[in-house]
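User: I'm new to this structure and would like a close look at a single part of it. Could you pick one strand, walk me through its surroundings, and then follow the connections outward?

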Protein chains: 2
Amino acid sequence: MEIIDVIHQRASLKTCLSPREVEAEKITKILEAARVAPSARNFQPWRFIVVNNKKLLETLVKNAFSDVNHVAQNAPVIIFVCGNPGEDVTIGGKEYYLFDLGLAVENMVLAATSLGLVTHIMAGFSEDLVKEQLGIPLQYRCVAAIPLAYPDCKTYEEAAQDRLKQRTRKDLKEIVYTNSWPKLA
Amino acid sequence: MEIIDVIHQRASLKTCLSPREVEAEKITKILEAARVAPSARNFQPWRFIVVNNKKLLETLVKNAFSDVNHVAQNAPVIIFVCGNPGEDVTIGGKEYYLFDLGLAVENMVLAATSLGLVTHIMAGFSEDLVKEQLGIPLQYRCVAAIPLAYPDCKTYEEAAQDRLKQRTRKDLKEIVYTNSWPKLA
């Protein structure tokens with residue numbers, strides 16, 4: 001699929017997760033997409049924990065995820081995205097590991113979309129409980145949890161259709177300026 | 001181009017920037033790609049300043065960019081990526097506007113790559129000088145500057161070839177774990 005189409009068709013679809021197994025080679029392709037992302041000075045501050053043990057996944061979701069994200073337990077796989085602030089630059093308080101994790105995660109969700117999988121980037125979970133359960137060292141932060149699944153209907157397009165119809169985004173003119181920030185009247 | 005190919009062919013190519021004009025419709029496509037990116041609770045904390053005034057662009061690069069990024073002045077366009085920490089969630093000190101800007105910026109550089117343009121995400125500049133010159137309000141942070149240009153050789157592939165040959169990334173086994181962080185021996 002053309003990349004511009006994938007970018008526009010990607011949607012957050014936590015209500016459409018099928019328990020059907022996702023092939024290991026698809027997961028590898030998604031992780032490879034994250035791996036080649038750019039990062040500040042090529043620091044690559046990211047780590048990914050693939051949780052595919054059903055019991056562990058359910059326990060994590062039940063204990064650590066906020067109620068609105070409990071549907072994540074329908075997915076056969078959740079990838080936890082971690083980063084170490086100390087493995088990247090901080091400039092004027094801006095911790096670039098977060099920016100760089102964003103670059104890598106977008107590659108992941110686009111790759112997943114192109115493979116017919118649904119995703120949903122989640123931040124609504126208890127980081128402490130996730131870190132404890134998965135043995136994540138103190139210096140790493142757990143920034144996102146991404147369920148990966150086949151759609152629970154025929155195709156990705158069918159799963160995304162309603163969601164994309166309801167998509168709301170600011171107009172370009174609200175977020176894009178040319179040659180200077182607009183002066184206040 | 002297939003998205004997985006674009007993800008793998010994207011490279012940071014600041015040494016290959018042609019001064020050739022980039023069509024406005026290509027820039028719009030790139031900004032539309034950023035616009036539809038996901039963000040925490042759909043907060044869309046991003047703003048983009050398109051600098052295409054040649055004199056302004058050169059002044060900015062000369063005065064505010066670090067020496068290694070002075071080549072950016074060869075580009076006909078630089079997009080400055082800004083975000084407001086207060087327009088997004090902060091969880092346990094993790095400022096998600098940075099993560100969300102990363103999601104949007106990866107869409108931009110992938111879209112640009114698929115349009116045959118070269119990019120380079122830069123953080124090496126004086127934020128204070130850029131903010132002053134572009135009139136960016138106090139509460140917004142300027143997180144990245146992205147020159148956009150045609151390659152200064154025949155094709156994107158030709159420009160990226162050497163760079164991709166030299167690409168270094170951690171192995172998947174260094175960054176991916178299954179069901180738990182590896183125990184120390």
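Analyst: Let's start with β2(A), where A:Val77, A:Ile79, A:Val81 and A:Gly83 point one way and A:Ile78, A:Phe80 and A:Cys82 point the other way, all of them buried. Keep in mind that this is a predicted model. The strand covers residues 77–83 of chain A, and since 7 of its 7 residues are buried, it is largely enclosed by the rest of the structure.

So what sits alongside β2(A)? One partner is β1(A), which pairs with it in the antiparallel sense over 6 bridges. Another is β6(A), residues 141–149, again antiparallel, this time over 7 bridges. A:Ile79 is a handy landmark here: it stands opposite A:Val50 on the β1(A) side and opposite A:Ile146 in β6(A).

Now step across to β1(A), where you'll find A:Trp46. This tryptophan has 26 other C-beta atoms within 10 Å; the cut-off for calling a residue buried is 20 or more, so A:Trp46 counts as buried. Setting aside neighbours within four places in sequence, A:Trp46 is in contact with A:Ala34, A:Val81, A:Gly83, A:Leu101, A:Ala104 and B:Ile175. Two of those names, A:Val81 and A:Gly83, should ring a bell from β2(A). As for A:Val109, it is 63 residues away from A:Trp46 in sequence and 15 Å away in space, going C-alpha to C-alpha.

That contact with B:Ile175 takes us over to the other chain. β1(A), residues 46–51, pairs with β7(B), residues 176–178, in the parallel sense over 3 bridges. Here A:Val50 turns up again, with B:Thr178 as its bridge partner in β7(B).

How many residues does each chain bring to the contact between them? There are 67 from chain B touching 67 from chain A. On chain B's side, α4(B) gives the most, with 13 residues. Sorted by class, that side has 38 nonpolar, 15 polar and 14 charged residues.

Crossing over also brings us to a sheet built from both chains: an open one of 5 strands, in the order β7(A)-β1(B)-β2(B)-β6(B)-β5(B), with mixed pairing. Its edges are β7 of chain A (176–178) and β5 of chain B (118–119), each of which pairs on one side only. β5(B) is joined to β6(B) by 2 bridges, and these two strands run antiparallel. That's where B:Thr119 stands opposite B:Leu148.

Two helices lie across strands of this sheet. α4(B) lies across β1, β2, β5 and β6 of chain B, running at about 5° to β6(B). α5(B), residues 127–134, lies across β1, β2 and β6 of chain B, but runs at about 80° to β6(B).

Finally, α4(B) (residues 96–114) has a helix partner, α2(B) (residues 24–35): their axes come within 7 Å and cross at roughly 150°. The pair is therefore roughly antiparallel, and the crossing is right-handed. α2(B) contributes B:Lys29, B:Ile30, B:Ala33 and B:Ala34 to the contact, while α4(B) brings B:Ala104, B:Asn107, B:Met108, B:Ala111 and B:Ala112. By class, the residues of this contact are 7 nonpolar, 1 polar and 1 charged.

Key. Residues numbered from 1 in each chain as written. Chains lettered and ligands numbered in written order. Predicted model: local features only at pLDDT ≥ 70, side-chain atom pairs only at ≥ 80, totals over all residues. Axes fitted to C-alpha atoms, helices over the stretch in contact; angles between N-to-C directions. Helix = DSSP H or I, 4+ residues; strand = E, 2+ residues; numbered from the N terminus. Parallel < 35°, antiparallel > 145°, perpendicular 65-115°, else oblique. Left-handed = near helix turned anticlockwise from the far one by under 90°. Contact = placed C-beta atoms within 7 Å. Nonpolar A, V, L, I, M, F, W, Y, C, P; charged D, E, K, R; others polar. Pairing = 2+ DSSP bridges. Buried ≥ 20, exposed ≤ 12 C-beta atoms within 10 Å, placed from the backbone.
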